[in-house]
Amino acid sequence: MDIERRNNVTVTGNPRGRAVVLAHGFGCDQNMWRLTVPALVEDYRVVLFDYVGSGRSDLSAFTEDRYASLDGYAQDVVEVCEALDLRDAVFVGHSVSAMIGVLAAGTAPERLGALVMVAPSPRYIDDDGYRGGFSAEDIDELLVSLESNYLGWSAAMAPVIMGNADRPELGEELKNSFCATDPDMARVFARTTFLSDSRDDLKAVTVPTLVLECTQDVIAPREVGAFVHRTIPGSKLVTLDATGHCPHLSAPEATNEAITDFLAHLR
C-alpha cells in the first residue's frame with residue numbers, strides 16, 4: 001500500500017532539519033496547520049498528513065475495525081514515519097492526536113523522540129478524582145446528536161469548540177472542516193475520541209513533552225492540562241494567552257512561539 005498517498009502526506013521545509021510531524025484533530029485535516037508551518041519551515045523538515053477518513057486521504061482505506069480505537073490512528077502515524085524513514089521526529093498533536101502521539105511514541109520510540117500536545121485530553125468524561133469536563137450523559141447526548149444529524153451537529157458545535165465568539169469566521173472554518181468529513185467515518189472517529197481513556201498511557205511517556213493549554217477551553221479545561229502535566233514525568237506545561245480549543249488557529253503567534261522555543265531546546 002502507498003502510505004503517502006493513503007494519508008495524503010505532504011513534506012516541506014528544510015530537508016536537513018529535524019522532522020516535525022503535525023497531526024490534526026477530530027473533524028479536521030492538515031490545512032489546520034497552515035499558520036504554524038511558516039514558523040517551522042526554515043529550520044525543520046515539516047511533515048503533514050490526513051488520518052484515513054479525513055481531508056484528502058484515501059477513503060477506500062477506511063475500515064471501522066481499525067479505526068474504532070486510537071491504536072488504529074497511531075498505526076497510521078507509525079506507518080507514515082516508516083514510509084519517510086523518520087527518526088527521532090517531534091510529533092505535534094492537536095486534541096485527540098496528542099493521545100495518538102503518545103501511543104505511536106510507545107509503539108515506535110526510535111521514530112518519535114519528543115511530543116508537543118496541543119489542548120490534549122486523555123479522557124473527556126469525569127471520573128472519581130478526575131475532571132474531564134463532561135458527564136457520561138453529556139457525551140452520550142453529543143454522540144446521539146452527531147449520529148442523527150451530523151451537519152446540524154457540526155453547525156451547532158463548531159463555534160462552541162472554537163470559542164472566540166467575537167471572531168465568527170474561526171467557528172465557520174471549523175464547521176466547514178467538520179462538514180467536509182464523511183459522516184459515517186466521522187461517527188467512528190467521534191466515538192473513538194470521546195469514549196477513549198488514555199490516562200494510564202501517559203505514565204509510560206519517556207520522551208521530552210510540551211503540554212499546551214488555553215486559558216478557557218470547553219473541550220479540555222485547565223484541570224485536564226494540569227493532570228496531563230502531572231502524569232507525564234518531566235513534561236513542561238505552558239498556558240497560552242488564548243481561548244477555545246484550536247489555539248493554532250485562534251492564537252497562532254503564541255502557539256508557534258511556544259512550539260519553536262521547545263524545539264530549540266531539544267537535544
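This is a dialogue on reading the sheet, helices and cores of a predicted model.

Trainee: Let's start with the sheet. In what order do the seven strands lie?

Mentor: Some background helps here. Strands of a sheet pair through backbone hydrogen bonds, either parallel or antiparallel. In this predicted model, the sheet is open, and its order reads S1-S3-S2-S4-S5-S6-S7, with mixed pairing. Strand S1 (10–13) and strand S7 (236–243) are the edge strands, each pairing on one side only. From one strand to the next, the twist averages 20 degrees.

Trainee: Which senses of pairing make it mixed, starting with S1 and strand S3?

Mentor: S1 and strand S3 (residues 45–48) pair in the antiparallel sense over four bridges; there, threonine 10 has leucine 48 of S3 as its bridge partner. S2 and S3, by contrast, run parallel and are joined by four bridges, with valine 21 partnered by valine 47 in S3. Strand S4 (residues 89–94) and strand S5 (residues 112–118) also pair in the parallel sense, over six bridges. Look for valine 92, which stands opposite valine 116 in S5.

Trainee: Which strands does helix H13 touch?

Mentor: Helix H13 (residues 252–264) packs on the sheet and touches strand S2 (19–23), S4, S5, strand S6 (209–216) and S7. The direction of H13 makes about 160 degrees with that of S6.

Trainee: How do I read a helix, and which residues of H6 are buried?

Mentor: An α-helix has 3.6 residues a turn, so residues three or four places apart point the same way. Helix H6 (residues 136–148) has 13 residues and reaches 18 Å from its first C-alpha to its last, close to the 18 Å expected at 1.5 Å a residue. Its buried residues are Ile139, Leu142, Leu143 and Leu146. They cover an arc of only 95 degrees around the axis, which puts them on the same side of H6. The face turned away from that side carries the exposed residues Glu137, Glu141, Val144 and Ser148. The buried residues of H6 pack against helix H7 (150–162) and helix H9 (183–194).

Trainee: And helix H4: how many of its 14 residues are buried?

Mentor: Ten of them are buried, so H4 is largely enclosed by the rest of the structure. Among the buried residues are Asp76 and Glu79, along with Leu70, Tyr73 and Val77. The end C-alpha atoms of helix H4 (residues 70–83) are 20 Å apart, in agreement with the span expected at 1.5 Å a residue. Just after H4, aspartate 85 takes a positive phi of about 50 degrees.

Trainee: Now the interior. Which residues touch the most other members of the largest nonpolar core?

Mentor: In soluble globular proteins, nonpolar side chains tend to be buried together. Here the largest core has 72 residues, and Phe26, Tyr51, Val77, Met117 and Leu174 touch the most other members. Helix H5 (residues 96–107) gives the largest share of this core, eight residues. A second, separate core of 24 residues includes Val37, Val92, Ala114 and Cys214. As for tyrosine 51, its contacts include Ala23, Tyr73, Val77, Phe91, Ile100 and Phe189.

Trainee: One last residue: is proline 120 buried or exposed?

Mentor: Proline 120 is buried, with a relative accessible area of 2%, and is found in the loop between S5 and H6. Its C-alpha atom is separated by 4.6 Å from that of serine 95, although the two are 25 residues apart along the chain. The residues that proline 120 touches include Ser95, Ala98, Met99, Val211 and Leu212.

Conventions
Residues numbered from 1 in each chain as written. Predicted model: local features only at pLDDT ≥ 70, side-chain atom pairs only at ≥ 80, totals over all residues. Heavy atoms only, no water. Pairing = 2+ DSSP bridges. Helix = DSSP H or I, 4+ residues; strand = E, 2+ residues; numbered from the N terminus. Axes fitted to C-alpha atoms, helices over the stretch in contact; angles between N-to-C directions. Contact = heavy atoms within 4.5 Å. Core = buried A, V, L, I, M, F, W, Y, C linked by side-chain atoms within 4.5 Å. Buried < 20%, exposed > 50% of the residue type's maximum accessible area, 1.4 Å probe, protein only. Expected span 1.5 Å × (residues − 1). Arc of directions from axis to C-beta.
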